[in-house]
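Student: I have a model open in front of me and would like to understand one part of it properly. Could you take me through a single region slowly, and tell me how it fits with the rest?

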Amino acid sequence: MLEFDDMELMQLKFCMDQTKNQMSMGGEIRRHASIVEKVEAEMNRRREENGTYTREKILRDLEAQIKQLEGEI
């Protein structure tokens, strides 16, 4: 099983979106759709469990980074 962090998963989703129109044969189209479905399912699971990819999670992460930087000064 492959393990991706949140940013890697988001990058993979972006790449899949960019390559969708380049699929030409039936098998390619089905495999591409299957991969996209799995990536989206994992992103949705993370969103529901951890709030990943939500505005609130991004704000919490930024606040934590700011506090960490302030502690380094």
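Tutor: Happily: we will look closely at the loop between helix 2 and helix 3, together with the helices on either side of it.

Please keep in mind from the start that this is a predicted model. Let us begin with the whole chain. It has three helices and zero strands, and reading along the sequence gives the pattern α-α-α. The radius of gyration is 17 Å, well over the 11 Å that the globule rule gives for 73 residues, so the chain is more spread out than a compact globule. Along the principal axes, the C-alpha atoms fill a box of roughly 55 × 25 × 25 Å. Of the 73 residues, 19% count as buried. Keep that figure in mind, as burial will come up again in the loop.

Now to the helix that leads into our region. Helix 2 covers residues 26-50. Its 25 residues reach 36 Å from the first C-alpha to the last, close to the 36 Å expected at 1.5 Å a residue. Which residues of helix 2 are buried? They are Gly27, His32, Val36, Val39, Met43 and Arg46. The buried residues of this helix pack against helix 1. Remember Arg46 in particular, as we will meet that residue again.

Towards the end of helix 2 there is a salt bridge between the side chains of Arg45 and Glu49, with 2.6 Å from N to O. Why do these two fit together as a pair along the helix? Arg45 and Glu49 are four residues apart in helix 2, so about one helical turn separates them. Arg45 is partly exposed at 36% relative accessibility, while Glu49 is exposed, with a relative accessible area of 53%.

Next we step into the loop itself. Helix 2 is followed by Gly51, whose phi is positive, near 75°. Gly51 belongs to the loop between helix 2 and helix 3. Is Gly51 buried or exposed? Buried means under 20% relative accessible area, and Gly51 has 15% relative accessibility, so Gly51 counts as buried. Leaving aside neighbours within four places in sequence, Gly51 is in contact with Arg46 and Lys57. There is Arg46 again, one of the buried residues of helix 2.

Thr52 lies in this loop too. With 4% relative accessibility, Thr52 also counts as buried, because that value falls under the 20% cut-off. What does Thr52 touch, if residues up to four places away in sequence are not counted? The answer is Asp6, Arg46, Arg47 and Lys57. Two of these names, Arg46 and Lys57, are also contacts of Gly51.

Then comes Tyr53, found in the loop between helix 2 and helix 3 as well. Most residues other than glycine have a negative phi. Tyr53, however, has a phi near 70°, a positive value in a residue other than glycine. That makes Tyr53 a good residue to click on when you inspect the backbone here.

Now we can leave the loop on its far side. Helix 3 covers residues 55-72. Lys57, the contact of Gly51 we have just met, forms a salt bridge through its side chain with Asp61, at 3.0 Å from N to O. Both residues lie in helix 3, four residues apart, which is about one turn of the helix. Asp61 is partly exposed, with a relative accessible area of 33%. Elsewhere, salt bridges that share partners join Asp6, Glu42, Arg45, Arg46 and Glu49 into one network. Two members of that network, Asp6 and Arg46, are among the residues that Thr52 touches.

Helix 3 also has a nonpolar side to look at. Ile58 sits in helix 3 and is partly exposed, with a relative accessible area of 47%. Together, Ile58, Leu59 and Leu62 form a nonpolar patch on the surface, with about 260 Å² of accessible area.

To draw the picture together, follow the chain once more. Helix 2 packs its buried residues against helix 1, and Gly51 follows helix 2 with a positive phi. Thr52 is buried in the loop, Tyr53 has a positive phi, and Lys57 pairs with Asp61 in helix 3.

How values were computed: Residues numbered from 1 in each chain as written. Predicted model: local features only at pLDDT ≥ 70, side-chain atom pairs only at ≥ 80, totals over all residues. Heavy atoms only, no water. Salt bridge = Lys/Arg side-chain N within 4 Å of Asp/Glu carboxyl O. Buried < 20%, exposed > 50% of the residue type's maximum accessible area, 1.4 Å probe, protein only. Contact = heavy atoms within 4.5 Å. Patch = residues over 30% accessible without salt bridge, like charges linked within 9 Å, V, L, I, M, F, W, Y side chains within 5 Å. Areas by Shrake-Rupley, 256 points an atom, 1.4 Å probe, with all protein chains shown as cover. Expected span 1.5 Å × (residues − 1). Rg over C-alpha atoms; globule rule 2.2 N^0.38 Å.
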